Amino acid sequence: MIEVKGLTKFYGPHPAVMDVTFQVSEGEVVAFLGPNGAGKSTTMRVLTCYLPPTYGEVKVRGYDVMEDSLEVRRNIGYLPERIALYPEMRVRQYLDYVGRLQGLAGQALRSGIDRVIEQCGLEERAQAIIGTLSLGYRQRVGLAQALIHNPPVLILDEPTIGLDPNQIREVRELIKSLAGQHTVLLSTHILPEAQMTCQRVIIINRGRIVAEDTPEALTAQLRRAQTTLVRVRGGDDALAKQILDLPQVNNVRPGDEPETWIVDSELGAECQADVARLVVEKGLDLLELRPVEMSLEEVFRELTMTENIENSE
C-alpha cells in the first residue's frame with residue numbers, strides 16, 4: 001500500500017533523509033518514530049506530495065508521488081502536526097467544504113459528514129464555531145477532515161497532540177478500529193501510545209532507518225539479559241546479596257518501589273524458581289515475582305542514543 005525505496009531528500013547541501021526504504025501493507029497500523037530532526041516529517045511530506053524527493057521511489061497504492069501526485073492525494077487522508085483550520089467556520093460547515101474539495105456530493109457528502117462526526121466524537125460540537133473549540137476538539141476536527149472521503153491510506157502526524165488522557169484513549173481506540181479498513185502510518189512522541197496502537201514500528205534517526213519490526217521483536221533483539229522483578233516483604237540488602245549469589249544471576253538492583261528488586265540473569269536462564277525457593281527458605285513473604293519486558297521507550301533510547309554516540313566519534 002505504501003512503498004518507499006531509497007528515498008533521499010536534500011535541503012540545499014543538507015540531507016534530511018538518506019536512502020530510506022520501508023513498506024506498509026494494506027490494513028496495517030504502523031508507528032513512525034524518531035527524535036526531533038530525524039526525518040519523520042520530511043518523509044511524511046514526500047508521501048503526501050507536499051515535497052518532491054531528491055532521489056528514490058515513493059508510491060502510495062501503486063501511484064508514484066512524482067508521476068501521479070493527484071491520484072496519491074485522492075487516496076490519502078492527511079493530518080499534519082499543525083493543521084490549518086478556518087476558525088470562523090462551523091464544524092459541519094467546514095467538513096462540508098472539505099468533503100466537496102475531495103469530490104463528494106449529495107448523499108455521499110451528507111453520510112460522510114455524519115460518519116466522521118460520530119467517529120471523532122463531535123456530535124455535541126457539530127454546530128460550534130471552530131475558533132471557539134479547545135485544542136483537543138480542534139484536533140478531532142482535523143482527524144475528521146482526514147477521514148471525510150474514507151481514504152484507503154491515512155498519514156497522521158502526532159494525532160493526539162493537545163488531547164487530555166481521556167481523549168487520547170478515545171483517539172487511540174479510533175485508530176485501532178481503523179486497522180484493516182485503512183492503512184495507517186502515524187508519527188508520535190508518546191511511545192506507550194505507539195506500543196498500544198500499532199502493529200509495527202519504524203524508527204528513524206539522523207535521516208536513516210535504524211530499526212523496523214514489532215515492538216515485541218525489537219525488545220527481544222535488544223534485550224541483553226532476562227529481567228525479573230521481585231517484591232518481598234522484609235527484603236533487605238542481605239537478601240539481595242544472596243539472590244546475586246544464585247547461579248546465572250548477573251546483577252541485582254533496587255526497584256522503584258520499596259522492598260522491590262530487579263534481577264538480571266542470563267538470557268534463557270530460568271532463575272525465578274531459585275529466587276522463590278530462597279525467599280521461602282528465609283521465611284519471608286514473596287509478594288510479587290514476574291518478568292520485566294523492555295519498554296518501547298527503552299528500545300527507542302537504546303537505538304537512537306547508540307546511533308548518536310557512534311556518529312559523534
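**Figure 1. The largest nonpolar core of the predicted model.** In this predicted model, the largest nonpolar core is made up of 46 residues. Tyr94, Leu95, Leu122, Val141, Leu156 and Val184 have the most contacts inside this core. Helix H5, spanning residues 135–147, contributes six residues, the largest share of the core.

**Figure 2. The surroundings of Leu122.** Leu122 is among the residues with the most contacts inside the largest nonpolar core. When neighbours within four places in sequence are left aside, the contacts of Leu122 include Val91 and Ile117. Tyr137, Arg140, Val141 and Ala144 are also in contact with Leu122. One of these partners, Val141, is itself listed with Leu122 among the residues richest in contacts inside the core.

**Figure 3. A second nonpolar core.** Separate from the largest core is a second one, which comprises 25 residues. Among its members are Val4, Val24, Ile76 and Ile155.

**Figure 4. The open four-stranded sheet.** Four strands form an open sheet in the order S2-S1-S4-S5, and their pairing is antiparallel. Strand S2 (14–24) and strand S5 (63–64) occupy the edges; each has a single partner strand, so one side of each lacks a neighbour in the sheet.

**Figure 5. The pairing of strands S1 and S2.** Strand S1, residues 2–11, runs antiparallel to S2 and is joined to it by seven bridges. Within this pairing, Leu7 has Val20 in S2 as its bridge partner.

**Figure 6. Helix H1 across the sheet.** Helix H1, formed by residues 40–47, lies across S1, S2 and strand S4 (55–60). The helix runs at about 115° to S1.

**Figure 7. Cys120 and Cys271.** What is the relative accessible area of Cys120? The value is 5%, and Cys120 therefore counts as buried, the cut-off being under 20%. Cys271 is likewise buried because its relative accessible area is 1%. A search of the whole structure finds zero disulfides.

**Figure 8. The protein chain as context for the close-up views.** The protein chain contains 11 helices and 14 strands. Of its 313 residues, 48% count as buried. Contacts between residues at least 6 apart in sequence join residues at least 24 apart in 68% of cases. The chain exposes about 15,700 Å², of which carbon and sulfur atoms supply 48%.

Definitions and conventions. Residues are numbered from 1 along each chain as its sequence is written. This is a predicted model: local features need pLDDT of at least 70, side-chain atom pairs count only at pLDDT 80 or more; totals for chains, interfaces and linings use all residues. Side-chain values use heavy atoms; hydrogens and water are left out. A disulfide is a pair of cysteine sulfur atoms within 2.5 Å. Buried means under 20% relative accessible area, exposed over 50%, partly exposed in between (1.4 Å probe, protein chains only). A nonpolar core is a set of buried Ala, Val, Leu, Ile, Met, Phe, Trp, Tyr and Cys residues joined through side-chain atoms within 4.5 Å. Helices (H or I, at least four residues) and strands (E, at least two) are DSSP runs, numbered from the N terminus. Contact means heavy atoms within 4.5 Å. Accessible areas come from the Shrake-Rupley method with a 1.4 Å probe; for residues, only the protein chains shown count as cover. Two strands pair if DSSP finds at least two bridges between them. Axes are lines fitted to C-alpha atoms, for helices over the stretch in contact, and angles run from 0 to 180 degrees between N-to-C directions.
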